[in-house]
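Could you walk me through this protein in my viewer, one selection at a time? I would like to know what to pick next and what is there.

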Amino acid sequence: MQRISTRNLVTQAMLIALSIILVLLIRIPIFPSAPFLEYDMADLPILIGTFMFGPTAGLLLTAIVSVLQWLIVSQASGWVGAVMHFLATGAFVLIAGSLYKAKKTDKSLILGLSLGATSMILMMIPLNIVFSSYYYMGLPLYDSFNSLITVLSALPQGFGAILTLLIASGIIVFLVERIFKKSKTITMKILAFPIALAVIFLLIVPVNLFLGAYTVPNEAQGVIDMILPIFVPFNAIKAFGNGLLTYLLFSKLIPILSKKKPLQNKAI
């Protein structure tokens with residue numbers, strides 16, 4: 001048992017080191033109008049570690065890499081970059097890792113990566129509204145959160161609010177029922193309601209961005225104006241790009257890892 005734990009610990013440490021090396025070596029600007037947005041492959045080792053050791057280990061890897069990136073790579077962005085990376089990549093690994101852990105098939109791997117990448121893109125919308133307004137535009141953090149709250153509450157009162165509430169409640173009931181029914185582990189059954197709430201939260205933000213008439217500080221408005229033309233496309237390129245690379249690499253690793261399954265105590 002000690003040998004197994006040591007191997008897993010060393011493997012995860014190597015994945016963390018590889019993640020930092022990748023972000024140091026590969027940083028590609030995508031949009032000339034937003035040079036601070038750079039594509040990197042730091043999430044690649046984290047996702048592979050998630051599929052090897054499970055979503056909990058994936059979140060731990062994400063947390064450690066986020067802190068190390070803050071201290072070593074992106075000191076200028078401070079804790080803001082670390083928090084945004086942990087929440088966005090954490091959503092990716094939690095969804096992708098949980099789906100693959102429930103059923104280890106090629107279809108689950110593809111579905112998990114696709115839904116995980118989508119959740120990362122959606123998660124970055126409220127994160128950009130709050131933290132990009134704070135960091136890049138100099139808006140106080142309190143006002144940044146107020147901007148997000150304003151956007152979330154932008155739908156018209158009356159019928160629109162009631163309709164939104166009914167739709168949200170229906171989605172929550174549907175998701176909880178489906179997750180609870182399909183889940184074979186107690187962990188997923190416990191997570192059913194939080195997952196449903198997270199989905200509702202992520203859906204409300206882009207809906208309000210399209211439909212809401214809102215008033216926010218000028219600094220935050222500048223960030224909001226960048227959401228659809230810059231932030232969403234950038235995050236889509238990064239999330240699905242890393243997802244595709246993860247699939248190509250991990251699908252090649254599966255036969256090798258499967259041979260070591262008894263030694264790794266069913267980690268795969």
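Here is a tour that goes from the whole chain to a few helices and then to single residues.

**Stop 1: the whole chain**

Keep in mind that this is a predicted model. Start with a cartoon view of everything. The protein has nine helices and two strands. Trace the chain from the N terminus, and the elements come in the order α-β-β-α-α-α-α-α-α-α-α. Of the 268 residues in the protein, 42% are buried. Among contacts with a separation of 6 or more, 72% join residues 24 or more positions apart.

**Stop 2: helix α2**

Now select residues 43-53, which form helix α2. How many of the residues of this helix are buried? Eleven of the eleven are, so α2 is largely enclosed by the rest of the structure. Show the side chains and you can go through the buried residues in order: Asp-43, Leu-44, Pro-45, Ile-46, Leu-47, Ile-48, Gly-49, Thr-50, Phe-51, Met-52 and Phe-53. Step past the end of α2 and you reach Gly-54, which has a positive phi near 105°.

**Stop 3: α2 against α3**

Two packed helices are described by the angle between their axes and the distance between the axes. Add residues 55-73, helix α3, to your selection. The axes of α2 and α3 are 7 Å apart, and the helices pack at an angle of about 150°. Angles over 145 degrees count as roughly antiparallel, and α2 and α3 are therefore roughly antiparallel to each other. The crossing of α2 past α3 is right-handed. To light up the contact, pick Ile-46, Gly-49, Thr-50 and Phe-53 on the α2 side, then Pro-55, Ala-57, Gly-58, Leu-61, Thr-62 and Val-65 on the α3 side. Coloured by class, this contact shows six nonpolar residues, four polar ones and no charged ones.

**Stop 4: α3 against α4**

Next, bring in residues 78-102, helix α4. The axes of α3 and α4 come within 8 Å and cross at roughly 160°. That makes α3 roughly antiparallel to α4. Here too the crossing is right-handed. On α3, select Pro-55, Gly-58, Leu-59, Thr-62, Ala-63, Val-65, Ser-66, Gln-69 and Trp-70. Their partners on α4 are Gly-78, Trp-79, Ala-82, His-85, Phe-86, Thr-89, Gly-90, Val-93, Leu-94, Gly-97, Ser-98 and Lys-101. By class, the contact of α3 with α4 has ten nonpolar, ten polar and one charged residues.

**Stop 5: α2 against α4**

Hide α3 for a moment and look at the remaining pair. α2 and α4 have axes 9 Å apart and pack at an angle of about 35°. The crossing of α2 past α4 is right-handed. From α2, the contact takes in Asp-43, Ile-46, Leu-47, Thr-50 and Phe-51. From α4, it takes in His-85, Thr-89, Phe-92, Val-93, Ala-96, Gly-97 and Tyr-100. The class tally for α2 with α4 is seven nonpolar, four polar and one charged.

**Stop 6: Thr-62**

Bring α3 back and centre on Thr-62, which is found in this helix. Is Thr-62 buried or exposed? Thr-62 is buried, because its relative accessible area is 0% and the cut-off for buried is under 20%. Leaving out residues up to four places away in sequence, Thr-62 touches Ile-46, His-85, Phe-86, Thr-89, Gly-90 and Val-93. Within its own helix, look for the side chain of Thr-62 reaching the backbone oxygen of Gly-58 at 2.8 Å.

**Stop 7: Thr-118**

For another threonine, move to helix α5, residues 106-135, and select Thr-118. Thr-118 is partly exposed, with a relative accessible area of 35%. A polar atom of the Thr-118 side chain lies 2.9 Å from the backbone oxygen of Ser-114. Now draw a C-alpha to C-alpha distance from Thr-118 to Phe-92: the two are 8.0 Å apart in space and 26 residues apart in sequence.

**Stop 8: Asn-235**

Finish in helix α9, residues 218-259, by selecting Asn-235. Asn-235 counts as buried, at 5% relative accessibility. Which residues does Asn-235 touch, not counting those up to four places away in sequence? Show Ile-121, Met-124 and Asn-128 to see them.

How values were computed
Residues numbered from 1 in each chain as written. Predicted model: local features only at pLDDT ≥ 70, side-chain atom pairs only at ≥ 80, totals over all residues. Heavy atoms only, no water. Axes fitted to C-alpha atoms, helices over the stretch in contact; angles between N-to-C directions. Helix = DSSP H or I, 4+ residues; strand = E, 2+ residues; numbered from the N terminus. Parallel < 35°, antiparallel > 145°, perpendicular 65-115°, else oblique. Left-handed = near helix turned anticlockwise from the far one by under 90°. Contact = heavy atoms within 4.5 Å. Nonpolar A, V, L, I, M, F, W, Y, C, P; charged D, E, K, R; others polar. Buried < 20%, exposed > 50% of the residue type's maximum accessible area, 1.4 Å probe, protein only. Polar contact = N/O pair within 3.5 Å; in protein donor to acceptor, adjacent residues only side chain to side chain.
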